[in-house]
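Good morning, and thank you for making time for this presentation. Please look at the sequence and the structure together while I speak.

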Amino acid sequence: MKRAIGIDIGGTKIAAGIISDTGELLERTEVKSDPSDRENMFERVVEAVEQVLGKSSVSIGDIEGIGAGVPGKVDREKGVAVFQNNLPWKQFPVTARLQERFGIERITIDNDVYMAAFAEWKAAQVKRAETFVYVTISTGISCSIIHNGSFFRGAGFAGELGLIPVLSKGVNERLEKIAAGPGIQKLAEKELKVDTISTKEVFEGYLNGKQEYQPIIDDVTDHLAQGLYAISSLLDPHKMVFGGSVIVNNPFLLELIKEKLKSHQLPEQQHLLGQMSISTLAQKNGVVGAGLRVFEGML
């Protein structure tokens, strides 16, 4: 059995895992990020790798390579993290630094959503000729498209679903601003006229049947359905899988979204409704996908 290390790098935490060539997560660990400066952040990544190796019986010499998912724009060929909103890694040479630190030549880096999408694509077992879309709804909203076995990247910024404008109370707003975790929180604070409330409390209030929370979730699911209808119309995908903490922790959202999406769709588009599902890999998909990409050099 061959093994690789997968790293899922985020602004709040870094997860690292040892992945088999069949996609099995053999060991996993998680450390807090330190985005105070670029070197501190890199040391946290190193700590995550060393920690996961320490928890297992695997040595660095047994590892085929390292895959790393990085937020924002990534230059995969040069191995550079180009730009991120939540990390101090502008033009940071991730590949070269990992090679230098661990003595491993085979390093694969990509955008973190693409890494997660790769794991979901493998798990979904879609036909190679089909179009697959992975959507993440968390602190941000994004998607990744795989068609004919390859990522659709455009000029390098494809899949930014969160930037699509949707109609909200008569005004066009970017989807991410009003339907990602922080957006839901701000919407609730405004509607409920409270200083602060967590997104978790909003969902709990809705599930407990409190009337004041119903319009908030109604608005959020309406906004998401509008954004997803753009994907349905432009790509007509065969399958769509959802990940990210907002929807994975609140799976009831999917049925509400599907009901509203159906109202937008033509009958010929509604095949997608039966092919929309929530990730079974949950928060593991970024690590698993990064590890698997070491074995399969899909672009």
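Val287 is found in helix α10, which covers residues 285-295. Helices here are DSSP runs of H or I with at least four residues, strands are runs of E with at least two, and both are numbered from the N terminus. The model is a predicted one, in which local features need pLDDT of at least 70 and side-chain atom pairs count only at pLDDT 80 or more, while totals for chains, interfaces and linings use all residues. Residues are numbered from 1 along each chain as its sequence is written, and side-chain values use heavy atoms, with hydrogens and water left out.

Is Val287 buried or exposed? Its relative accessibility is 0%, so Val287 counts as buried. The terms are as follows: buried means under 20% relative accessible area, exposed means over 50%, and partly exposed lies in between, with a 1.4 Å probe and protein chains only.

Which residues does Val287 touch, if we do not count those up to four places away in sequence? They are Gly6, Asp8, Ala15, Ala16, Gly17, Ile19 and Leu25. Contact means heavy atoms within 4.5 Å. With Ile19, the separation in sequence is 268 residues, yet the C-alpha atoms of Val287 and Ile19 are 8.1 Å apart in space.

Let me turn to the strands at the start of the chain. Strand β1 comprises residues 3-9, and five of its seven residues are buried, so β1 is largely enclosed by the rest of the structure. Strand β2, residues 13-20, is mostly covered as well, with seven of its eight residues buried.

How do β1 and β2 run relative to each other, parallel or antiparallel? They are antiparallel, and seven bridges join them. Two strands are said to pair if DSSP finds at least two bridges between them. Within this pairing, Gly6 has Gly17 of β2 as its bridge partner, and Ile9 stands opposite Ile14 in β2. The connection from β1 to β2 is a hairpin through three residues.

On the next step along the chain, β2 pairs with strand β3, residues 25-32, in the antiparallel sense over seven bridges. Here Ala16 has Thr29 of β3 as its bridge partner. A hairpin with four residues between the strands links β2 and β3, and Gly23 in the turn has a positive phi of about 90°.

β1 also has a parallel partner: five bridges join β1 to strand β4, residues 63-70. In that pairing, Arg3 is matched with Ile63 of β4.

I now take two residues from other helices. Asn40 is found in helix α1, residues 38-55. At 30% relative accessibility, Asn40 counts as partly exposed. Its C-alpha atom is separated by 13 Å from that of Ile9, which is 31 residues apart from Asn40 along the chain. Thr95 lies in helix α2, residues 94-102, and its relative accessibility of 12% makes Thr95 count as buried. Leaving aside neighbours within four places in sequence, Thr95 is in contact with Gly79, Ile107 and Ile109.

Two loop residues also deserve a mention. Lys169 is placed in the loop between β11 (165-168) and β12 (171-174). Although Lys169 is not a glycine, its phi is positive, at about 55°. Its relative accessible area is 58%, and Lys169 is therefore exposed. Asp236 has its place in the loop between α7 (214-235) and β13 (239-243). Asp236 is likewise a residue other than glycine with a positive phi, near 45°. With a relative accessible area of 37%, Asp236 is partly exposed.

Finally, I come to the protein as a whole. How many helices and strands does the protein have? There are ten helices and 14 strands. The radius of gyration is 20 Å, close to the 19 Å that the globule rule gives for 299 residues, so the protein is as compact as a globular protein of that length. That radius is taken over C-alpha atoms, and the globule rule is 2.2 Å times the number of residues to the power 0.38. The C-alpha trace spans about 55 × 45 × 35 Å along its principal axes. Of the 299 residues, 51% count as buried. Among contacts with a separation of 6 or more, 62% are accounted for by residues 24 or more positions apart.
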